[in-house]
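Colleague: I am new to this structure and would like to be taken through it step by step. Could we put the sequence and the model in front of us before we begin?

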Amino acid sequence: MDRLFMSGLDARQAMHMISSYLDKECRFWKPMVIKSSPDQGINEMQRDEAAVWIAKLSAEFTFLPETCGLAILLMDRVLQLVKVRAKYLQCVAVTCLHIAAKTLEEDENIPPTPYLVRKSCCGCSFAEITRMEMVILNKLNWNVLMPSSVDFLHMIHVVLLMHYPHLLTNQSNMGPSEHLSIVMRKMIRCLTCHSLNSFRPSSIALALISLELEQLTPGWLRLVLTLQRVTNVGSEQLMQCREAIADFLGQQIHTGYHYQSRKSSSSAPQSKKRKVEHSTPDSEDENMYDGIKRLYNEDLMTNAGTFQFDKAALRTSCGFEMHQDFDETTMGKTLLVN
């Protein structure tokens, strides 16, 4: 959890990563609609159970939160593309986790496939996992490195804490890493709720951050308005997502922040469209607001290509693990219903 704070990543690089994530999200994200048939398809409750199981396995293998987020995202993408029979859902879920681990984890933390099969008690064989791996990769056109809500949350948190290191001053014995860990656990819980899949990953991350900021500083709203510009999240979308997350987490919203216009917008927010009741931010809040605003404006003038953010592509070990007698057409008929 400390890796971004300890790696020397600065706020400008984090902004470049957010911009790159937003570009991928704009091109590839679609609202979650599970493909299913009345007799053999899976339902939303089964999807949530599989997401909880992925989160549990990820914790047992001590994977990064980003790995868990990517695994659940991959599973949702597969469920959007393919009618998966309920009896094969665990095989799909554990395979998505294995692919995410190969994509994001360090080599020494990637469990061998036989050990993954044993440890997860998934009920699948080594051969089934390796064949399912190739089916999923082909269905996704090998495009697996997609930004999840966890990625957006991590980058937004980095930008906030680098610009406003005193944000956690009143939180006893809590540094940036400890706070991020707490917020990240809430995010993982959110990923197990199918009703939040109608919101973009960037919206989910910003909504959760806004709920946390509301409890940390009286000037939280100005920070959120700035982050809306950075993430291009519309006000109506943000408010709906905030309410959905607060309801799911059982968190009460204490703000007088009301959205008056009902017109949907994906553009940056306009403050005149809101009715706001909150304390006047202090000078530190003003400095934080101005700092992020300047960084955002500078980022627009910078070539995004100057910072390479993508992690290594999916390791070729996926192919080496495949059985030589693998037949994709046969696999499609036995495990997945197209």
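Colleague: Is W53 buried or exposed?

Modeller: Please keep in mind throughout that this is a predicted model. A residue counts as buried when its relative accessible area is under 20%, and the value for W53 is 15%. W53 falls under that cut-off, so W53 is buried.

Colleague: Where does W53 sit, and which residues does it touch, not counting those up to four places away in sequence?

Modeller: The place of W53 is in helix α3, which spans residues 44-60. If we leave aside residues up to four places away in sequence, the residues that W53 touches are Q90, A93, V94, S120 and C122.

Colleague: What is the separation of the C-alpha atoms of W53 and I72?

Modeller: Along the chain, W53 and I72 are 19 residues apart. In space, the distance between their C-alpha atoms is 9.9 Å.

Colleague: S120 was among the residues touched by W53; which residues of helix α6 are buried, and which helices do they pack against?

Modeller: Helix α6 runs over residues 113-120, and its buried residues are T113, L116, V117 and S120. They cover an arc of only 100° around the axis, and therefore they lie on the same side of α6. Just after this helix, C121 takes a positive phi of about 50°. The helices against which the buried residues of α6 pack are α3, α5 (89-104) and α7 (126-139).

Colleague: How are helix α9 and helix α12 oriented at their crossing?

Modeller: Two packed helices are described by the angle between their axes and the distance between the axes. For α9 (residues 176-191) and α12 (residues 235-249), the axes come within 11 Å and cross at roughly 95°. Angles of 65 to 115 degrees count as roughly perpendicular, so α9 is roughly perpendicular to α12.

Colleague: Which residues make that contact, and how many of them are nonpolar, polar and charged?

Modeller: From α9 the contact is made by K186, R189 and C190, while α12 contributes I245, F248 and L249. Sorted by class, the contact of α9 with α12 has 4 nonpolar, no polar and 2 charged residues.

Colleague: For the protein as a whole, how many helices and strands are there, and what share of the residues counts as buried?

Modeller: The protein has 15 helices and 4 strands. Among contacts with a separation of 6 or more, 81% come from residues 24 or more positions apart. Of the 338 residues, the share that counts as buried is 54%.

Definitions and conventions. Residues are numbered from 1 along each chain as its sequence is written. This is a predicted model: local features need pLDDT of at least 70, side-chain atom pairs count only at pLDDT 80 or more; totals for chains, interfaces and linings use all residues. Side-chain values use heavy atoms; hydrogens and water are left out. Axes are lines fitted to C-alpha atoms, for helices over the stretch in contact, and angles run from 0 to 180 degrees between N-to-C directions. Helices (H or I, at least four residues) and strands (E, at least two) are DSSP runs, numbered from the N terminus. Angles under 35 degrees count as roughly parallel, over 145 as roughly antiparallel, 65 to 115 as roughly perpendicular and the rest as oblique. Contact means heavy atoms within 4.5 Å. Ala, Val, Leu, Ile, Met, Phe, Trp, Tyr, Cys and Pro count as nonpolar, Asp, Glu, Lys and Arg as charged, and the others, Gly among them, as polar. Buried means under 20% relative accessible area, exposed over 50%, partly exposed in between (1.4 Å probe, protein chains only). The arc is that of the directions from the helix axis to the C-beta atoms.
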